[in-house]
Each structure stands twice: as structure tokens, then as C-alpha cells.
Amino acid sequence: MPNILYSTKVAATGGRNGSIRSEDGLLDLKLALPRSLGGKGDATNPEQLFAGGYAACFENALLRVSREARHHFADDDVEVAAEIGLSRNDSGGFVLSAALAVTIAGIDQKTAGQLVEGAHAICPYSNAIKGNVDVQIAVSVR
């Protein structure tokens with residue numbers, strides 16, 4: 001077992017129309033099935049939570065890789081948007097897909113691509129889904 005740097009616990013009750021709560025109470029949310037899947041859509045859902053977590057984690061990995069490469073960015077110089085899709089596979093099971101749109105200011109396209117590639121290699125979310133979830137990454141500079 002690796003040396004765990006951080007651990008947290010979140011309990012779910014009621015499935016997609018229930019709620020989640022972290023052990024420290026900082027995360028306490030109602031869940032709802034999205035309207036596009038026949039639900040009320042009046043609360044967040046697991047795909048939105050995954051997208052938010054992936055975007056934040058990937059951006060942090062990108063900032064780390066950038067610092068190591070001696071590129072320093074202000075908070076508003078980097079943006080990562082994550083889109084998580086839910087679909088069915090050939091056997092009827094549910095699968096996820098992910099698309100990351102990364103925008104970086106102040107560097108050239110080639111350097112941005114290299115930094116994003118480095119971030120994808122160290123991001124825990126990217127590593128957790130590698131080989132299981134199709135991940136598309138678009139990189140743009142401004």
C-alpha cells in the first residue's frame with residue numbers, strides 16, 4: 001500500500017436522488033438525476049462533481065509541472081474546463097468519457113502542449129481513469 005498523503009470519506013444515501021456528506025461536513029449536497037435522464041435536475045449530480053474535481057486537480061497538476069519548467073502563471077492565466085459524459089457501452093453498462101479544454105496565457109502552443117502532457121501524466125484523476133475512460137484534451141493559448 002502506498003504512503004497515503006491525504007484521505008477523505010464521503011457517504012451517499014439515496015443514490016442519484018439522495019445526498020452526499022463528507023465526514024467533516026464541509027461537503028453536504030443534495031443529488032438529483034439530470035433532466036436529460038428523466039430526473040428533476042434540481043440539484044447537482046455525480047458527473048458534475050467528477051468534472052469539478054477533475055478540472056481543479058488537473059489545473060493544479062498543470063501549475064506544478066509549469067513551476068518545475070520555470071513557467072509561473074497568475075491564477076487567471078490558466079483555465080481548465082472538464083466535460084464528463086455518461087453513455088452506455090455495447091453490453092448495456094454505463095461508461096464515462098472526459099474532455100478537458102485547457103487554456104493558457106502567455107506561452108506558445110508547443111510549450112502549452114508539453115506542459116499539459118506533463119500534467120496529464122501526474123494528475124491523480126488522469127491516472128485513476130487511464131485505460132478505462134476515453135479522455136480528449138484540447139489545448140489553446142491566448
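Leu37 sits in the loop between strand E3 and helix H1, the helix that spans residues 46–68. In this predicted model, Leu37 has a relative accessible area of 46% and is therefore classed as partly exposed, since that term covers values between the 20% limit for buried residues and the 50% limit for exposed ones. Together with Leu86, Phe94 and Leu96, Leu37 makes a nonpolar surface patch of about 360 Å².

On the N-terminal side of that loop, E3 belongs to an open sheet of three strands, which are arranged in the order E1-E2-E3 with antiparallel pairing. Strand E1 (10–13) and strand E3 (28–30) each have a single partner strand and stand at the edges, so that one side of each is left without a neighbour in the sheet. From one strand to the next, the twist averages 15°. Strand E2, residues 19–22, runs antiparallel to E3 and is joined to it by three bridges; within this pairing, Ser19 has Lys30 of E3 as its bridge partner.

On the other side of the loop, H1 leads into the interior of the model. The largest nonpolar core has 24 residues, and those with the most contacts inside it are Tyr54, Phe58, Leu62, Val102 and Ile104. Two or more residues of this core come from each of H1, strand E4 (78–88), strand E5 (94–104) and helix H2 (109–122), and H1 gives the largest share, namely eight residues. In soluble globular proteins, nonpolar side chains tend to be buried together. Against that background, the patch that includes Leu37 and Phe94 is a nonpolar group at the surface.

Conventions. Residues are numbered from 1 along each chain as its sequence is written. This is a predicted model: local features need pLDDT of at least 70, side-chain atom pairs count only at pLDDT 80 or more; totals for chains, interfaces and linings use all residues. Side-chain values use heavy atoms; hydrogens and water are left out. Two strands pair if DSSP finds at least two bridges between them. Helices (H or I, at least four residues) and strands (E, at least two) are DSSP runs, numbered from the N terminus. Axes are lines fitted to C-alpha atoms, for helices over the stretch in contact, and angles run from 0 to 180 degrees between N-to-C directions. Patches are made of residues with over 30% relative accessible area and no salt bridge: like charges are joined within 9 Å, nonpolar side chains (Val, Leu, Ile, Met, Phe, Trp, Tyr) within 5 Å. Accessible areas come from the Shrake-Rupley method with a 1.4 Å probe; for residues, only the protein chains shown count as cover. A salt bridge is a side-chain nitrogen of Lys or Arg within 4 Å of a carboxyl oxygen of Asp or Glu. Buried means under 20% relative accessible area, exposed over 50%, partly exposed in between (1.4 Å probe, protein chains only). A nonpolar core is a set of buried Ala, Val, Leu, Ile, Met, Phe, Trp, Tyr and Cys residues joined through side-chain atoms within 4.5 Å.
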